[in-house]
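Reader: Hey, got a minute to walk me through this one? Please keep it plain.
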Number of protein chains: 2
Amino acid sequence: MPGKRSPVRRPTMRDIADRAGVSQSAVSFALNGRPGVSEITRDRVRRVAEELGWRPSTAARALSGEGAATVGLVLARPAHTLGVDSFFLQLVSGIQEVLAERHLGLLFQIGHDVHEECAVYRRWWAEHRVDGVLVVDPCRDDPRPGLLDELGLPAVVIGGAPDERHPGLSAVWADDAGAMASVVDELYALGHRRIVHIAGLPDLAHTRRRIRTLRAEAERLGLSEVQSVPTDYSDTAGAAVTRRVLGGTAPPTAIVYDNDVMAVAGVAAAAELGFSVPADVSVVSWEDSALCRMVKPWLSALSRDSVEFGRTAARALLALLDGGPAETVRVPVPGLIARGSTGVMRPGRGT
Amino acid sequence: MPGKRSPVRRPTMRDIADRAGVSQSAVSFALNGRPGVSEITRDRVRRVAEELGWRPSTAARALSGEGAATVGLVLARPAHTLGVDSFFLQLVSGIQEVLAERHLGLLFQIGHDVHEECAVYRRWWAEHRVDGVLVVDPCRDDPRPGLLDELGLPAVVIGGAPDERHPGLSAVWADDAGAMASVVDELYALGHRRIVHIAGLPDLAHTRRRIRTLRAEAERLGLSEVQSVPTDYSDTAGAAVTRRVLGGTAPPTAIVYDNDVMAVAGVAAAAELGFSVPADVSVVSWEDSALCRMVKPWLSALSRDSVEFGRTAARALLALLDGGPAETVRVPVPGLIARGSTGVMRPGRGT
């Protein structure tokens with residue numbers, strides 16, 4: 001069928017009225033759930049509307065105070081760190097699943113930093129473009145919770161611990177501190193005393209929780225040669241820091257990487273320096289993905305269900321949109337899957 | 001500052017009228033670019049509106065026929081194949097960059113298949129939710145172009161060759177056929193005669209273009225031991241097919257993988273079978289990413305600028321929304337970056 005057909009026309013309330021044999025105002029009353037029409041008429045109008053594929057225009061719904069039927073998500077990270085990141089697509093996939101049940105759209109924007117993100121929120125709010133937002137990557141001195149509180153825009157902070165200064169915002173988070181403590185305990189039990197944590201962006205809330213916990217655990221266990229080194233999450237940084245610490249005078253016998261990309265790059269860098277995994281150095285990836293099973297040996301990894309994390313966050317936002325109170329939801333602590341990259345410290349290596 | 005502040009109020013046309021000392025209708029005329037006010041008043045009103053941070057509501061703009069100021073994108077792929085896929089985030093990043101200049105939002109949805117995707121388009125259209133859409137992963141017997149033509153929804157098909165049956169749609173695509181031909185020529189020049197192409201999803205238009213070209217080139221060069229094997233893009237499939245073809249009686253001396261994830265998994269599988277890269281088998285990845293530089297040797301890869309691809313697609317959609325004619329834009333053919341994984345065929349291997 002060559003050529004362009006003329007576009008079909010959207011069904012209107014008038015079409016429904018004609019087909020159902022009632023007045024346009026009866027159709028309006030029926031479809032908006034207002035009194036003034038009989039139950040029989042209401043049923044007939046709804047059936048005809050369904051047959052015709054009629055839907056209220058989002059714009060009309062927004063003006064009538066029913067909201068934009070849209071939820072916003074801004075991702076503000078340096079573009080090169082998004083390259084090989086499976087977490088966000090999985091998170092968004094879980095968010096979508098829940099929003100789709102309610103026919104809510106997800107308005108998505110990639111920004112450069114939190115200040116640009118704030119400008120986006122202001123614009124979305126001024127233009128009535130979203131009913132609420134999902135905030136990712138909470139960070140130090142974060143201007144976003146204060147702004148969202150001020151605007152009265154319903155919001156869920158993903159990965160943020162509860163913040164009493166902003167009781168109007170919901171939060172969905174995992175206990176990174178507990179996970180870090182369990183990783184350190186596990187490595188300690190295997191005999192490791194010199195541990196390096198190659199961390200993510202230093203201003204992110206969850207990076208800070210992990211660094212604080214590592215320090216506290218080291219003090220508790222009396223380990224003086226434990227440190228965190230923040231990076232930008234890139235494979236380049238993962239490899240560079242690995243080379244630096246393994247090339248030092250007292251190289252670590254275990255390394256914890258804050259993502260899978262850095263862990264894989266780090267294992268390659270270690271091999272170049274003649275370090276064998278896990279004989280010379282044990283490796284843990286804080287994120288399990290296909291990547292962790294693409295190298296030899298397979299990487300021990302902290303596994304979390306990022307799709308479910310997204311679902312939980314979306315449900316928390318829906319609860320706010322439905323008029324519920326702000327809440328803090330704690331998702332399960334990521335669990336360590338021990339694979340081939342972690343082992344007992346070899347005698348002599350730790351001295 | 002503990003406690004929740006009361007939300008600030010959005011500035012209205014009345015606020016602008018008060019501050020500017022003019023009537024509300026003068027404000028309306030001035031801001032909507034209609035005649036009836038002097039240039040001096042228009043300038044003053046615009047200045048005051050800017051000072052107050054006023055913006056037209058998206059809903060009001062949509063009802064006045066100015067559109068939803070939103071563009072839609074549905075991603076319909078099996079969730080597990082999205083795991084480690086850098087292409088889409090980069091594409092979306094480029095799309096965003098161009099849309100942001102015009103303050104257009106990107107409404108994003110993940111679906112299961114093209115039929116669900118069609119249902120989403122119908123709903124978006126019926127609800128006036130988007131002004132146009134970007135269509136990815138064009139495929140065999142694709143129902144989407146016909147539907148979008150029928151609905152009259154402006155659309156750009158990303159990765160689709162021009163389709164004369166749907167002259168209303170724009171297309172942005174790269175010449176995969178040309179790229180495949182150049183890869184085969186390069187491998188042929190290195191002495192390779194037995195080449196396997198571990199392909200992506202078999203129904204996707206670009207997979208089909210690559211498979212067709214490989215077959216044509218093999219015929220032209222008189223190569224009888226050349227084949228394409230379609231997969232689901234996963235690392236598991238990449239490893240499994242690699243094992244199968246290398247374990248056969250006349251194993252290939254060169255393998256072309258349709259993405260980076262399969263290539264990396266394939267190299268690991270080859271190593272397990274005792275095949276050294278590139279001495280025993282040359283490897284090409286059809287997608288360059290950090291992954292290709294995380295393995296030893298670094299992978300030769302077809303490199304394309306996915307961010308720029310996204311920008312080009314968004315610009316093509318803006319041109320349609322501005323009332324321009326449908327057009328087909330060809331982006332540069334991906335170029336082969338030769339790294340350590342491709343080499344001259346070792347004497348004796350090809351017999």
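Author: Sure, one term up front: buried means under 20% relative accessible area, exposed over 50%, and partly exposed in between, with a 1.4 Å probe and protein chains only. This is a predicted model, where local features need pLDDT of at least 70, side-chain atom pairs count only at pLDDT 80 or more, and totals for chains, interfaces and linings use all residues. Residues are numbered from 1 along each chain as its sequence is written, chains are lettered from A and ligands numbered from 1 in the order in which they are written, and side-chain values use heavy atoms, without hydrogens and water.

Reader: OK, so is W124(A) buried or exposed?
Author: W124(A) counts as buried, because its relative accessibility is 1%. Y121(A) is buried too, at 0%.

Reader: What do Y121(A) and W124(A) form?
Author: An aromatic pair, meaning Phe, Tyr or Trp rings (the six-membered one for Trp) with centres within 6.5 Å; planes under 30 degrees apart are stacked, over 60 edge-to-face, the rest tilted. Over all chains the count comes to 3 aromatic pairs. The one between Y121(A) and W124(A) is tilted, at 6.3 Å centre to centre and 55 degrees between the planes.

Reader: And where do they lie in chain A?
Author: Both lie in helix 7 of chain A, 3 residues apart, about one turn of the helix. Helices here are DSSP runs of H or I with at least four residues, strands are E runs of at least two, and numbering starts from the N terminus.

Reader: Switching topic: why is helix 8 of chain A largely enclosed?
Author: Because 7 of its 8 residues (144-151) are buried. Among them are R144(A), P145(A) and L151(A).

Reader: What covers those buried residues of helix 8?
Author: The cover includes helix 7 (114-126), strand 3 (132-135) and strand 4 (155-158) of chain A, with contact meaning heavy atoms within 4.5 Å.

Reader: What does G152(A) do just after helix 8?
Author: G152(A) takes a positive phi of about 70 degrees.

Reader: Now chain B: what's the strand order in the open sheet?
Author: The order is 7-6-8-9-10-12, 6 strands with mixed pairing. Strands pair if DSSP finds at least two bridges between them. The edge strands are strand 7 (226-230) and strand 12 (335-337) of chain B, each pairing on one side only.

Reader: In what sense do strand 9 and strand 10 of chain B pair?
Author: Parallel, over 2 bridges, between residues 282-285 and residues 300-303. V284(B) stands opposite S300(B) in strand 10 of chain B.
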